[in-house]
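Me: I'm new to this one and I'd like to know how the labels get earned. Can we go through them one at a time?

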There are 2 protein chains.
Amino acid sequence: MATIYEVSKLAGVSLATVSRVMNQNAYVTDETKKKVLDAMKELDYRPNSAAQSLALNRSDSVGVLVAELDGPFYGPVMSGVESELRKAGKHVIVAAGHDEEETEKEGVEFLIGRGCDALILLAETLSNEYLVELAKGSTPFVMLNRTTPGLESQCISLDNHLGGYMASKLLVDQGHREIAYISGPLWKHDAEDRYAGHKQALEEAGLTQDPELLFESDYREAGGSSGLLHLINSGKKFTALACANDEMASGAMMSAAQKGLSIPQDLSIVGFDNVHYARLLTPSLTTVEFPIHEMGKMAARWVLKNAYGKKKLSYNNYFSPKLIQRHSSKAISS
Amino acid sequence: MATIYEVSKLAGVSLATVSRVMNQNAYVTDETKKKVLDAMKELDYRPNSAAQSLALNRSDSVGVLVAELDGPFYGPVMSGVESELRKAGKHVIVAAGHDEEETEKEGVEFLIGRGCDALILLAETLSNEYLVELAKGSTPFVMLNRTTPGLESQCISLDNHLGGYMASKLLVDQGHREIAYISGPLWKHDAEDRYAGHKQALEEAGLTQDPELLFESDYREAGGSSGLLHLINSGKKFTALACANDEMASGAMMSAAQKGLSIPQDLSIVGFDNVHYARLLTPSLTTVEFPIHEMGKMAARWVLKNAYGKKKLSYNNYFSPKLIQRHSSKAISS
DNA sequence: CTGTTAGCGCTTTCAA
DNA sequence: TTGAAAGCGCTAACAG
């Protein structure tokens with residue numbers, strides 16, 4: 001690989017001049033510029049990015065930590081982040097945290113160790129304390145789908161409470177009175193918020209959540225399946241089920257089918273997230289849209305603005321959910 | 001951030017010694033080693049990875065190019081690659097190629113420019129010529145889901161022909177005689193191979209593909225939807241439909257429902273890939289398993305072995321598909 | 001407008 | 001077993 005030195009020799013100029021034409025900025029005669037450009041082309045020169053990073057103290061790469069790289073929820077984040085950052089010439093380095101505190105911390109260390117200029121974190125298990133501590137360090141970071149007290153300006157989140165409310169409000173409006181709920185892990189902020197929203201919808205209708213009709217699960221399809229089975233086995237009657245995400249809702253739908261319940265006739269179901277395949281289920285799943293792709297883009301813009309000084313960029317910190325009404329829930333037949 | 005120099009001063013040794021204890025290898029007294037370690041801890045020292053890269057001429061990062069970062073197919077690749085590489089302390093830099101030749105080339109350049117030690121390419125639009133040329137360069141790379149003549153040893157692929165054969169063979173065995181086919185873009189190697197396998201299954205049964213029952217589509221759900229509509233509108237009768245991937249199959253299922261066709265009674269459908277949600281469709285989709293997550297892992301191991309000299313590692317170059325029989329196809333009722 | 005030069009932080013001979 | 005010193009390739013003052 002050719003170096004800047006060889007280019008300078010071939011072009012008959014100094015290192016500095018080559019550097020100047022590379023970095024566009026400084027004053028260089030069109031004539032010398034051409035000589036340099038020609039030399040570069042001839043040698044198929046490419047700047048060594050490690051050397052640049054070292055000299056500039058900047059790596060032009062940003063680290064992204066998510067729980068998983070696959071799955072209907074994380075993929076769209078990644079894609080939103082990548083498209084925005086790539087346009088700006090920044091590199092995206094990924095790490096999966098697998099929803100385990102130790103692994104997520106390691107992920108953060110790993111990314112910082114790599115010299116990432118900034119981090120985008122979609123991590124549930126990291127404690128607020130850890131994040132506050134991290135914020136004292138020199139690597140700027142933005143968080144997705146959480147709000148850490150004291151760090152609000154670097155959080156990009158959705159109103160999960162409102163989303164939970166909207167989903168359950170629909171059920172209530174459709175006349176349901178016995179409503180079961182399968183939550184995510186309640187130590188997770190979003191799971192807690194969604195459930196709180198759900199309860200608010202019930203309360204406004206003068207209802208309360210029957211504890212026997214609440215099942216705390218894990219946001220996974222299998223968890224939704226076993227959740228519904230558990231609820232059915234409790235012997236309590238219910239005409240509707242709200243799930244804290246679509247994956248659990250789809251699991252619940254499978255269990256319902258297996259138990260011979262037809263949806264929405266025997267049981268109305270609503271989900272949350274509006275993952276890609278929610279439309280493809282039969283019946284199509286009523287859910288709440290989580291604009292995660294868009295939020296990924298915003299996180300990228302936050303980074304561009306706050307870590308790379310692109311002043312002009314603007315971004316949203318707070319997103320609102322939207323109810324997507326499809327065919328898995330219906331008005332109760334009286 | 002502390003540098004190696006400050007550590008050496010605090011520990012009262014030279015730079016070289018600090019470097020030695022970092023790199024475990026050389027002979028250092030336990031005593032001096034301890035002094036150095038203590039100093040590192042006290043200063044919260046972390047090596048600057050750009051400086052290391054520059055000195056070692058190695059970045060410890062590998063670039064991964066896929067068409068999209070989301071979607072049921074690419075997510076699992078990424079996750080397989082990341083888990084394997086991360087274990088080895090290597091960084092994963094991602095780029096999306098969006099199935100456009102220009103963008104994919106740019107992606108490759110981008111990744112090479114970043115100084116990636118190796119590349120993992122899951123790119124359909126890159127021509128064999130380009131890849132052969134690329135192979136002359138100094139960045140080693142491995143390709144997923146394609147076989148480039150002359151570069152076989154750096155290709156990790158699935159027997160798409162066999163997969164296509166298995167899917168259609170099932171339909172034939174179930175007694176279907178009028179079989180429609182929705183292919184992927186036929187300029188893509190895998191689409192072509194799958195279709196060829198399909199034709200072979202027909203031929204062995206003494207059938208040929210009716211050109212009017214062939215629809216070339218785009219591997220996308222909407223393409224599957226419109227594909228089936230088109231086939232139905234042709235007026236030709238058919239009792240089964242093979243789709244070159246699950247996304248198109250799910251689109252076709254939606255069109256079928258819309259047209260009042262019930263599956264599998266009125267029409268048997270098979271897909272390809274066994275994406276995560278194939279099980280969740282109603283009826284569950286019969287398909288061919290594409291072990292893409294596993295193949296991603298193998299690509300990572302290829303890199304570890306061939307770019308990082310981990311001799312002991314072994315990997316598979318060639319994978320076999322597996323038929324996953326579910327409920328979207330049934331024996332024809334005679 | 002262009003050249004000289006001093007680093008950026010680390011690895012690695014070569015000597016001691 | 002340890003230290004001195006020469007790069008790795010590039011940027012950014014500072015002179016001219």
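Me: What makes Lys169(B) partly exposed?
Reply: In this predicted model, Lys169(B) has a relative accessible area of 28%. Buried means under 20%, exposed means over 50%, and partly exposed is what lies in between, with a 1.4 Å probe and protein chains only. So 28% makes Lys169(B) partly exposed.

Me: Why are Asp173(B) and Lys169(B) called a salt bridge?
Reply: The term asks for a side-chain nitrogen of Lys or Arg within 4 Å of a carboxyl oxygen of Asp or Glu. Here the N to O distance is 3.0 Å, so Asp173(B) and Lys169(B) qualify. Both sit in helix α8 (residues 160–173) of chain B, four residues apart, about one turn of the helix. Helices here are DSSP runs of H or I, at least four residues, and strands are runs of E, at least two, numbered from the N terminus.

Me: What about Arg220(B) and Asp218(B): how do you know that they form a salt bridge?
Reply: Their closest N and O atoms are 3.8 Å apart, which is within 4 Å, so the label holds. Arg220(B) is exposed at 55%, while Asp218(B) is partly exposed at 32%. Elsewhere, salt bridges that share partners join Arg58(A), Asp60(A) and Lys90(A) into one network. Over all chains, the structure holds 28 salt bridges.

Me: Why does the pair Glu109(A) and Arg46(B) join two chains?
Reply: First, the side chains of Glu109(A) and Arg46(B) meet in a salt bridge, 3.1 Å from N to O. Glu109(A) lies in helix α6 (residues 101–113) of chain A, and Arg46(B) in the loop between α3 (30–43) and α4 (49–56) of chain B, so the pair joins two chains. Glu109(A) is partly exposed at 36%, and Arg46(B) is partly exposed too, at 25%.

Me: How do you know that the two copies are related as by a two-fold rotation axis?
Reply: A rotation of 180° with 0.1 Å of shift along its axis puts chain B on chain A, with an RMSD of 0.1 Å. The fit is by least squares on the C-alpha atoms of residues with pLDDT of at least 70 in both. The copies are thus related as by a two-fold rotation axis. In chain B, the C-alpha nearest that axis belongs to Ile93(B), 2.2 Å away.

Me: Any ground rules for reading this?
Reply: Residues are numbered from 1 along each chain as its sequence is written, and chains are lettered from A and ligands numbered from 1 in the order written. Local features need pLDDT of at least 70, side-chain atom pairs count only at pLDDT 80 or more, totals for chains, interfaces and linings use all residues, and side-chain values use heavy atoms, with hydrogens and water left out.
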